[in-house]
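The following exchange examines why certain descriptive terms are applied to a predicted model. Each answer sets a computed value against its criterion.

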Amino acid sequence: MQDTIIVESLNVRYGDRVILENVNFSIKKGEIVLICGGSGCGKSSLMRQIIGLEQPYKGNIYINGLDILNCKATERNKILTQFGVLFQSGALFGSMTLAENMKLLLDSYTPLSEIEKKLMIEMKLNAVGLGSYGDFYPSEISGGMKKRAALARAITLDPDILFFDEPASGLDPVTSAAIDSLILNINKVLGTTMFIVSHDLASIFRIADRIIMLDKSVKGILAIGTPDTLRNMKENPLVFNFFNRIA
Amino acid sequence: MQNIAKINHIQLQLINTNASIENFITLYKFPLEPKELVKSNYLINRISKLGIFFQTQVIGLFEFIDFFGVIFIKSISLPFNLNKIRWSDFPELFIRNGIMALPITLLIVFLIGLISGYQGALQLKQFGADIFIADLVGISITRELSPLMVAILIAGRSGSSFAAQLGTMRVTEEIDALDTMGFDRYNFLVMPRILSVALSIPILVLICNIVGILGGLIAAMFTLDITLIGYFNRLQDALSIGDVVSGLIKSWFFGYLVAMIGCFKGLSVSGGADSVGKLTTSSVVAGVFVIILIDAIFTFLLNTLGI
C-alpha cells in the first residue's frame, strides 16, 4: 500500500531546546495512526510540523509524495485542500455559523452551485449528528458539539488525510466514544488516512491501527507498533506501564 | 527550610511530629537536588533580564518591519488582487470602525473646537483681534486637532479591537485553522480591517472638521459677539483647500498605521488571555505614539514645503 505521509530525519527545536531528534516514520493510505506519549514529549509539535504550521529545524516531510517543505506555494495550497485538521479547541470561526464555517471552504475550492453547497453542508452536518444546527454560532453549542462541528468542517472537502489534536480532550467518555465512532466510520466509508494525537487510552485501543509512542527521554520515538504489540511490550517498562496504567 | 538545609548541607530531622504533619511534609517535599539550588548572582540576573528584554524588543521590531513590508506590497498590488481580499467582512467592519465611531468622534471634536474657541477668544480679545478667532479655530481644527483626535480615538477603539479580536483568534487556534485551510491570513483578516479604517477615517475627519468649526463658532458668538455671517466670511478667507486636504491625507496615514499596528499586535499573541491583554494595551500605546510621530513628520514636511 502507498505511503501517504513520510517523515524523514525530523528535528524540532525551539531556540536551544531540542524537542524531537531524528524522527522517522511513514503512514500508509487508509491507516489510523495514533501519536501518544507523556506531556511535553512533542506530540502536538510533530503534528504542527506535518501540517505546515511550523518549520522543522531539519528533516523532510512528504504528503502524497510531495515534499511540503520545499515545494512551490501553489503545490502546497493544493495539498492543503487534501487534508483536514481538527484542532484541540475545535477552532471554528466564532463570527460565522456552522454552515458558514463549512461554506467558506466550498466557496474557495469547489465550483459547486449554491444549492449543491447547501446540500453538501447538510450531508456533512448530518454525518456528525448536527443536521439541524447549521444556523447556530459556535458560542451557542456545547463543547462536544463544537468538536463534531469542527470534524464536519474538516471533512467538508472529503480530504485524503485527517489530522486530530487531542480529539477527546475536555469531553466526557460518552461524547469521546461518539467522536471515536465517527472517526472509525469516516475511515471505513471514505478510506481517509487518520493521524491522531491523543493520550486517551480508551480512544487509543478503540481506533488505532498503529501507535507511535514518543518520549522526552529519547527526544523521539520510543516505540512503534500495533496496540496489542505495545500493550505487551514487557521488555520496555516505560511503554508497558503507559499502556497498562489504570485510568 | 528543606531548601536552606540542603544548600548548607545540614541534615534536617523532624522529631515528635504527628502523622498528619509528616504526611504534609512528605506531600510538599522539596523536589530539587542540591546542585540545582545554586544561589544566583543578583547583578548577573538583572543584566541577563535586561538583555532578554532588548533582544525581545529588537526581534519585535524586525517582525513589525517584515509585517509592514507584506502589507505595503499587498496595498500597492491591491488594484490587481481585488478578488483575493475577503470583501464579505468589509461592510460590517466599515460600519463598526467608521459609522459607529461617528458619535464619539463628533462629540470630542465639537468640544475641542469649543474649548480652543474659548481659549483663543480670551487672548485675541486683549489685542482687539476678535475676528481672527475664525482663523485660529478653522486652521487648527482642519490641519491638526480633528485628524489627531479622530486618529487617537480610532487607536483606542479600532486598534485595540483588532488586537483583541485577532489575539483571541490566535489563542483559539482559528488563525492556525485558516493557515491549514490554505487561506492567506493577510487577505482574509488584515487587509479588510486596514481598508475599513483607512477608508472611513478621512470621511470621519471631514465631518468632524465641520462640527469642530461649529464648536468654535459657538464660542465666538458667546464670548466675542461675532455674528454667524462674520465668522464664516472670515473663515472663507482664512481657510484654504490645502489645510483641509493636508489634514485628510494625514488622517489616512494615521488610520492605515493604527489599523496595521492593531492587527500586528493581535497576530503576535502567543500563549493565553494574559498575552491578549498585554498586546491590546500595547497596540493602543504604540498606535498613539505613531500618530504623534507621523504628525510631527507631516508638520515638518508641510512647513518645509510651505503648504
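Q: What makes strand β1 (residues 3–14) and strand β2 (residues 17–28) of chain A a pair?
A: Two strands pair if DSSP finds at least two bridges between them. β1(A) and β2(A) share eight bridges in the antiparallel sense, so they satisfy that criterion. Within this pairing, R13(A) stands opposite V18(A) of β2(A). The two strands form a hairpin with two residues between them, and G15(A) in the turn has a positive phi of about 65 degrees.

Q: How do you know that β1(A) also pairs with strand β4 (residues 58–63) of chain A?
A: Five bridges in the antiparallel sense join β1(A) and β4(A), and the requirement is at least two. One of the bridge partners is I63(A) in β4(A), which is matched with I5(A).

Q: Why is D200(A) called buried?
A: A residue is buried if 20 or more other C-beta atoms lie within 10 Å of its own. D200(A) has 20 such neighbours and therefore counts as buried. D200(A) lies in the loop between β8 (193–197) and α7 (201–207) of chain A. Leaving aside residues up to four places away in sequence, D200(A) touches A168(A) and S176(A).

Q: How does the span of helix α5 (residues 102–126) of chain B relate to the expected value?
A: α5(B) has 25 residues and reaches 36 Å from its first C-alpha to its last, close to the 36 Å expected at 1.5 Å a residue. Its buried residues, among them V109(B) and I112(B), pack against α6 (133–171) and α8 (185–223) of chain B.

Terms used. Residues numbered from 1 in each chain as written. Chains lettered and ligands numbered in written order. Predicted model: local features only at pLDDT ≥ 70, side-chain atom pairs only at ≥ 80, totals over all residues. Helix = DSSP H or I, 4+ residues; strand = E, 2+ residues; numbered from the N terminus. Expected span 1.5 Å × (residues − 1). Buried ≥ 20, exposed ≤ 12 C-beta atoms within 10 Å, placed from the backbone. Contact = placed C-beta atoms within 7 Å.
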